[in-house]
Amino acid sequence: GGGQNLVTEDVTVVEGDVATISCRVKNSDDSVIQLLNPNRQTIYFRDFRPLKDSRFQLVNFSNSELRVSLTNVSISDEGRYFCQLYTDPPQEIYTTITVLVPPRNLVIDIQKEVAVEGEEIELNCTAMASRPATTIRWFKGNKELTGKSEVEQWSDMYTVTSQLLLKVAREDDGVPVICLVDHPAVKDLQTQRYLEVMYKPQVRVSQNYPVQGLTREGEPLELTCAAFGKPQPTDMRWLRVDDEMPQHVVVSGSNLLISNLNKTDNGTYRCEASNAVGKSHADYMLFVYDPPTTIPPPTTTTTTTTTIPTTITGTPCPTLTPLLVSTDSRAGEEGAIRTVDHAVVGGVVAVVVFAMLCLLIILGRYFARHKGTYFTHEAKGADDAADADTAIINAEGGQNNSEEKKEYFI
């Protein structure tokens, strides 16, 4: 408008609500204010309502303001409304009423009520008769997805359809798919459908006994098979991969029991489960270890006495304590092997020390004997001689005899 002394604002209202139009005068001079509709029909002249539409009600009237309310607003009420001030020259300004229409209906149409995992299904969400055209957003749980929208206009109203292609998995079973409307006339308008997804069994084999232990020969083994699917698996069986099931294996429903393991049980055991969608399996690889080895208390000890024979004339060797070599019947045990090794090494060292001691004694006796013989030979024949010359002659002639009387100790 061209009036500098009049003030008003545009109004946006949701269909069915109340719109309030205000014509205000900045500097009042007691001039007449009136309000006209888009057809330029007078709604109010001062505080008088010539228009016979009871939806218009006077809210406030003074020299500076004319405020009027319009109840139950419809699309036909949309347009420009004029505020006039009878001055010289007259002043006029307009305000625009915009009517918002929320979607009449929000519907999700799903291609398949029940889907199978791996399939791609189509969902369509339709927001009918809105103004302006609405924006549709898709969510699967808390994750936002992207759809493809189409807009159709009917007169002043818009219908929007959004298409979503979704490849479903077993994790989607029971998850809501949400169609949410983004529109200025409404907040939190949404609708949802829960996905129903069929999937083949998920199989898991667990070891009940031994608990977190090795499977050893002679001990029992118990396995349990658990299967979950939609629909719930009805057929479950145990088999041995690439071999026949041992006769001593007991299968009871989902349990498999081997009471006494042996090496022939080694292999892969499979649990299979099936439903209307398909078949799945889980494998358990069995390896039977040797039974545990424990060290029993000593029962039998073999004792070996080692002596070294010696022949020494005159002085015997010191007595050697018999060497005991203990052989433990628990061959193969590491501790027993170490004990035997230490005993053998100790025995060998003792024998060597004893032999060296005997050798030293023999050598000592030998050198002492030779020294005494020298002094004895020097005086031989002198005891029976009548004089010195005779003693010397006897000593010289007696060398051969003394040679024959020598004794040797070896």
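C225 is buried, because its relative accessibility is 4%; buried here denotes under 20% relative accessible area, exposed over 50%, and partly exposed in between, with a 1.4 Å probe and protein chains only. Its partner C271 is also buried, with a relative accessible area of 0%. The two cysteines form a disulfide with an S to S distance of 1.9 Å, a disulfide being a pair of cysteine sulfur atoms within 2.5 Å. The link of C225 and C271 is left-handed, at -85 degrees about the S-S bond. This pair connects distant parts of the chain, 46 residues apart, with C225 in strand 20 (residues 221–230) and C271 in strand 24 (residues 267–274). Strands (E, at least two residues) and helices (H or I, at least four) are DSSP runs numbered from the N terminus.

The model is predicted: local features require pLDDT of at least 70 and side-chain atom pairs pLDDT 80 or more, while totals for chains, interfaces and linings use all residues. Residues are numbered from 1 along each chain as its sequence is written, and side-chain values use heavy atoms, with hydrogens and water left out.

The disulfide count comes to 3. C125 and C179 are joined with an S to S distance of 1.7 Å, and their link is left-handed, with -80 degrees about the S-S bond. C125 belongs to strand 12 (residues 120–130) and C179 to strand 17 (residues 176–183), so this pair ties together parts that are 54 residues apart in sequence. Both of these cysteines, C125 and C179, are buried. A further disulfide joins C23 to C83, with an S to S distance of 1.7 Å. C23 in strand 3 and C83 in strand 8 (residues 79–85) are 60 residues apart, and the pair links distant parts of the chain. The link of C23 and C83 is left-handed as well, at -65 degrees about the S-S bond, and C23 and C83 are both buried. With the bonded cysteines of the protein numbered in sequence order, the pairing reads 1-2, 3-4, 5-6. As for C358, this residue is buried, with a relative accessible area of 6%.

Strand 3, which carries C23, merits a closer look. Strand 3 spans residues 19–25, and 5 of its 7 residues are buried. Strand 1 (residues 6–7) runs antiparallel to strand 3 and is joined to it by 2 bridges; two strands count as paired if DSSP finds at least two bridges between them. In this pairing L6 stands opposite V25. Strand 3 also pairs with strand 7 (residues 65–70), in the antiparallel sense, over 6 bridges, and there R24 is opposite E65.

R24 further takes part in a salt bridge with E9, whose closest N and O atoms are 2.4 Å apart. A salt bridge requires a side-chain nitrogen of Lys or Arg within 4 Å of a carboxyl oxygen of Asp or Glu. E9 lies in the loop between strand 1 and strand 2, 15 residues from R24 in strand 3. Both residues are partly exposed, E9 at 42% relative accessibility and R24 at 26%.

Strand 3 also contributes to the largest nonpolar core, which has 26 residues and receives 4 residues from strand 3, the most of any element. A nonpolar core is a set of buried Ala, Val, Leu, Ile, Met, Phe, Trp, Tyr and Cys residues joined through side-chain atoms within 4.5 Å. Among the residues with the most contacts inside this core are A19, L35, I43 and F56. I43 touches residues including L35, F48, F56 and Y81, not counting residues up to four places away in sequence; contact means heavy atoms within 4.5 Å.

Strand 12, the location of C125, belongs to an open antiparallel sheet of 4 strands in the order 10-12-16-15. Strand 10 (105–110) and strand 15 (148–154) are the edge strands, each pairing on one side only. Strand 12 and strand 16 (residues 157–167) run antiparallel and are joined by 9 bridges, with L166 in strand 16 as the bridge partner of I121.

Salt bridges number 18 in total. One of them joins E78 to R131, with closest N and O atoms 2.3 Å apart. E78 is in the loop between strand 7 and strand 8, and R131 in the loop between strand 12 and strand 13 (135–140), so the pair ties together parts that are 53 residues apart in sequence. E78 counts as partly exposed at 22% relative accessibility, whereas R131 counts as buried at 16%.
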